[in-house]
Amino acid sequence: MKKSLKTTVLRLIPAAFLAVALVATAAPAAVAAGSWSTPAPVYAATSIQTPGYAYAASAIAGATERSFVCHSRAAGDVRDDVFLVKRAGSTVTSSTSVLTASASGWDSFHICDPSVVRVDATLGGQSYDYAMFYLGNDQNCSCHNQIGVAYANSLDGPWVKAPNPVVGFKAGASSSEWGVGQPSATTIDAAAGTVLLTWTEGYSTGTVAKLGQVSLLSGTPTLSGVGAVPTAGLLDSSGAADFLNNFDIAYSPQRDRFYLVREMHPYPSASPNYISTAVQVLSVSGAGMWSGTGTWTVEGLIDASVTGASRTHNPGFLRTQFGTLPDESQLTVFVTTSALDPNSLWSYAIVRTTASL
């Protein structure tokens, strides 16, 4: 999408977003998702690397379907790049690294958890059409994570990073703590350069999900209105109150609802014990999301009975480039499947399944 379209894109959706931020409005009730289709293979890194892994797809619908995924940088290398996987129908036409670690600084080791949206942005006097939010860190660990953003004028790149994090590591916290990451973005107003960003925050005080508005037109990303993603209605597999992490969101303009897919808790005791056996799909009203006071409605569950895998984890929705549902009559979820240890990491593969709404 080129510059000539900038003044005309996405005017109805931002109006809905901004309205629910101010006042609760009546919206159609959520409709529980139907049964999930037999999973269809999307991508496995082993098609280009042996061994290799790919997970956590940020998928954009279109004649050419694009999935931005966390991916092993090279065969046998446990360092994450963001790869772009392009498909025509069910055929993978290309898979290539589009964002990698910086030579130094806050994102000089892992680059992961991409979330890509269409939004106007400016950096160094240059205008851009797309933003990719991502997790980065500077250590060989699951720690000291921060959230950054990169820009491009095409979904295919090249992507140019903003130099500093959008959501930084908590001042005074030990660098051994997890930090912030797992961003998911939806466009508020493309021409105004605004997005809704959600993310996971994990420190010794606990794990919480946050949201805020990011403005990208000034040349320096600005985060404002930070609050908590609602947790009412979240239950773990035993029925106890639960928390959010490793989730993706999509917006339904027709229903004025946010849909969320997340890893279920508790995690299993058998190794690997850091990823889930199932993912859950839920929804909440637009007003409930913005205010942080909404109650989640369960829409569906994707587990081994659907995927046939020992682990079902790192989910994401198929979305439009604005972060909305591409088809209001259904939900399509991309999940990562894997086997048990030893070597579960090298068995990661991405599949997709669909349920009607």
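**Entry 1. Strand 15 and its partners**

I count two strands as paired if DSSP finds at least two bridges between them. With that criterion I looked up strand 15 and strand 16 (residues 279-285) in this predicted model; seven bridges join the two strands, which run antiparallel. I then noted one contact of this pairing: Glu263 has Val279 in strand 16 as its bridge partner.

I turned next to strand 14 (residues 247-252). Six bridges join strand 14 to strand 15, and this pair also runs antiparallel. Here the bridge partner of Asp248 is Val261, in strand 15. The hairpin of strand 14 and strand 15 has four residues between the strands, and in this hairpin Asp256 takes a positive phi near 50 degrees.

I asked how many residues of strand 15 (residues 257-263) are buried. The search returned seven of the seven, so strand 15 is largely enclosed by the rest of the structure. For this I used the cut-off of under 20% relative accessible area for a buried residue. In a regular strand the side chains alternate between the two faces of the sheet. I therefore recorded the directions, with the cut-off again at under 20%. Arg257, Tyr259, Val261 and Glu263 point one way from strand 15, whereas Phe258, Leu260 and Arg262 point the other way. Both sets are buried, and I note that they include Arg257, Arg262 and Glu263.

**Entry 2. The open sheet**

I looked up the strand order of an open sheet of eight strands and obtained 1-20-19-18-2-3-4-5, with mixed pairing. Strand 1 (40-43) and strand 5 (91-99) are its edge strands, each pairing on one side only. From one strand to the next, the twist averages 30 degrees.

At the strand 5 edge I examined the neighbour. Strand 4 (residues 80-88) pairs with strand 5 in the antiparallel sense, over seven bridges. Within this pairing, Arg87 has Val92 of strand 5 as its bridge partner.

**Entry 3. Disulfides**

I searched for disulfides and found two in the structure. Counting bonded cysteines along the chain, I read the pattern as 1-2, 3-4.

One disulfide joins Cys70 to Cys112, with an S to S distance of 2.0 Å. The pair links distant parts of the chain, with Cys70 in strand 3 (residues 64-72) and Cys112 in strand 6, 42 residues apart. I computed a torsion of about 110 degrees about the S-S bond of Cys70 and Cys112, so this disulfide is right-handed. Cys70 and Cys112 are both buried.

Cys141 and Cys143 form a disulfide as well, with their sulfur atoms 1.7 Å apart. What is the handedness of the link of Cys141 and Cys143? The value about the S-S bond is -60 degrees, and the link is left-handed. I then checked the accessibility of each partner. Cys141 has 25% relative accessibility and so counts as partly exposed. Cys143 has a relative accessible area of 4% and is therefore buried.

**Entry 4. The largest pocket**

I looked up the volume of the largest pocket and obtained about 800 Å³ of space. Its lining holds 30 residues, and those nearest the centre of the pocket are Tyr55, Ser142, Trp178, Gln182 and Tyr274.

Which strands each supply at least two residues of the lining of the largest pocket? I found strand 6 (111-123), strand 11 (194-203) and strand 12 (206-215). Strand 11 gives the largest share, three residues. By class, I recorded 14 nonpolar, 13 polar and three charged residues in this lining.

**Entry 5. The largest cavity**

I searched the whole structure for cavities of 30 Å³ or more and found one. About 150 Å³ of space lies in the largest cavity. The largest cavity is lined by 14 residues, of which Ala56, Pro114, Pro183, Phe247 and Pro315 are the closest to its centre.

I then listed the elements that give two or more residues to this lining: strand 2 (54-60), strand 6, strand 10 (179-189), strand 14 and strand 18 (311-319). The classes in the lining of the largest cavity are six nonpolar, six polar and two charged residues.

As a cross-reference, I note that strand 6 is listed for the lining of the largest pocket and for the lining of the largest cavity. Strand 6 also holds Cys112. Strand 14, listed for the cavity lining, is the strand joined to strand 15 by six bridges.

How values were computed. Residues are numbered from 1 along each chain as its sequence is written. This is a predicted model: local features need pLDDT of at least 70, side-chain atom pairs count only at pLDDT 80 or more; totals for chains, interfaces and linings use all residues. Side-chain values use heavy atoms; hydrogens and water are left out. On a 1 Å grid over the protein atoms alone, a cavity is a set of points where a 1.4 Å probe fits but cannot get out, and a pocket is an open set with protein on both sides within 12 Å along at least five of seven lines; lining residues have an atom within 4 Å of a point. Grid points are joined across faces, edges and corners, and a volume is the space filled by probe spheres set on the points. Ala, Val, Leu, Ile, Met, Phe, Trp, Tyr, Cys and Pro count as nonpolar, Asp, Glu, Lys and Arg as charged, and the others, Gly among them, as polar. Axes are lines fitted to C-alpha atoms, for helices over the stretch in contact, and angles run from 0 to 180 degrees between N-to-C directions. A disulfide is a pair of cysteine sulfur atoms within 2.5 Å. Buried means under 20% relative accessible area, exposed over 50%, partly exposed in between (1.4 Å probe, protein chains only).
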